[in-house]
Amino acid sequence: MSDILNVLILSGHMTVEHDNAHRSFRLHNQWITTLLEDTGRFRVRVVEDPRGLPASVIDKYDVLIVIFEGRDGYHDMATGFGAETDAAILRFVHDEGKGIVWFHGSAAQEDRWGYPEEYNVMRGAKLSAWETGLRPRPWGEAQLHTTEPRHPITE
């Protein structure tokens, strides 16, 4: 493995709360890119519309950062990544053991929107604006098992 970790930011289509004159997902992309690349340990790329992104693209990276809500308003129905991208992300994390970070508003995914339940497990939280709010899962319900404790991401 290279000393440089490749990061892919899956971005775009944010709610008006996160994409307006005072706050922009593009500024978040720039901030996170600068923060990571300035360490000398990461190379960051950004995709502003990850819907339909295939495994052949996602698999080139070591970690994904999700800055994507897929909706315009907080109470709107979200447009997900699509079956191909969902499958690629699930394989990326579950089968390949690579990392994913759900940034801020991206953690908001209602069950009725059709996202895979595994995303709730990956985040360790589940949001329902109408039922439960953002609630952490009980300890032990979603555990991370580190198979390579000396991996550069965990260092």
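1. Since several points below turn on accessibility, the classes come first: a residue is buried under 20% relative accessible area, exposed over 50%, and partly exposed in between. R91, with a relative accessible area of 27%, is therefore partly exposed, and D59, at 26%, is partly exposed as well. The model discussed here is a predicted one, and the values below are computed from it.

2. These two residues meet through their side chains in a salt bridge, with 2.1 Å from N to O. Because R91 belongs to helix 3 while D59 sits in the loop between helix 2 and strand 3, the pair ties together parts that are 32 residues apart in sequence. The pair does not stand alone, for D59, R91 and E96 are linked in a network of salt bridges.

3. The count of salt bridges in the model comes to 4. Another of them joins E48 to R26, whose closest N and O atoms are 2.7 Å apart; this pair links distant parts of the chain, with E48 in the loop between strand 2 and helix 2 (55-58) and R26 in helix 1, 22 residues apart. Relative accessibility is 35% for E48, which therefore counts as partly exposed, and 42% for R26, which also counts as partly exposed.

4. D49 and R51 likewise form a salt bridge through their side chains, at 2.7 Å from N to O. D49 has a relative accessibility of 40% and so counts as partly exposed, and R51, at 36%, counts as partly exposed too.

5. Turning to the sheet, 4 strands form an open arrangement in the order 2-1-3-4, and the pairing is parallel. Strand 2 (42-47) and strand 4 (99-102) stand at the edges, each with a single partner strand, so one side of each is left without a neighbour in the sheet. From one strand to the next, the twist averages 20°.

6. Within the sheet, strand 1 (residues 5-12) and strand 3 (residues 63-68) run parallel and are joined by 6 bridges; G12 stands opposite F68 of strand 3. Helix 1 (residues 25-37) lies across strand 1, strand 2 and strand 3, and runs at about 165° to strand 2.

7. The largest nonpolar core has 20 residues, and those with the most contacts inside it are L8, I58, L64, F81 and I89. Strand 1, strand 3, helix 3 (83-95) and strand 4 each supply at least two residues of this core, and the largest share, 4 residues, comes from helix 3. Apart from this core lies another, of 13 residues, which includes I9, F25, L36 and I65.

8. Which residues are in contact with I58, once its neighbours within four places in sequence are left aside? They are L8, L53, L64, T85, A88, I89 and F92. L8, L64 and I89 also appear, with I58, among the residues that have the most contacts inside the largest nonpolar core.

9. The structure holds 5 aromatic pairs. In one of them, the rings of F81 and Y115 have their centres 6.0 Å apart and their planes at 80°, so the pair is edge-to-face. F81 lies in the loop between strand 3 and helix 3, and Y115 in the loop between strand 4 and helix 4 (117-123), so the pair ties together parts that are 34 residues apart in sequence. F81 counts as buried because its relative accessibility is 1%, and Y115 counts as buried at 10%.

10. W102 and Y119 form a tilted aromatic pair, with 5.0 Å from centre to centre and 55° between the planes. Here W102 lies in strand 4 and Y119 in helix 4, so the pair ties together parts that are 17 residues apart in sequence. Both W102 and Y119 are buried.

11. Ring pairs link F68, F81, W102, Y115 and Y119 into a cluster, and two of its members also figure in earlier points: F68 stands opposite G12 in the sheet, and F81 is one of the residues with the most contacts inside the largest nonpolar core.

Definitions and conventions: Residues numbered from 1 in each chain as written. Predicted model: local features only at pLDDT ≥ 70, side-chain atom pairs only at ≥ 80, totals over all residues. Heavy atoms only, no water. Pairing = 2+ DSSP bridges. Axes fitted to C-alpha atoms, helices over the stretch in contact; angles between N-to-C directions. Contact = heavy atoms within 4.5 Å. Core = buried A, V, L, I, M, F, W, Y, C linked by side-chain atoms within 4.5 Å. Buried < 20%, exposed > 50% of the residue type's maximum accessible area, 1.4 Å probe, protein only. Phe/Tyr/Trp six-rings, centres within 6.5 Å; stacked < 30°, edge-to-face > 60°.
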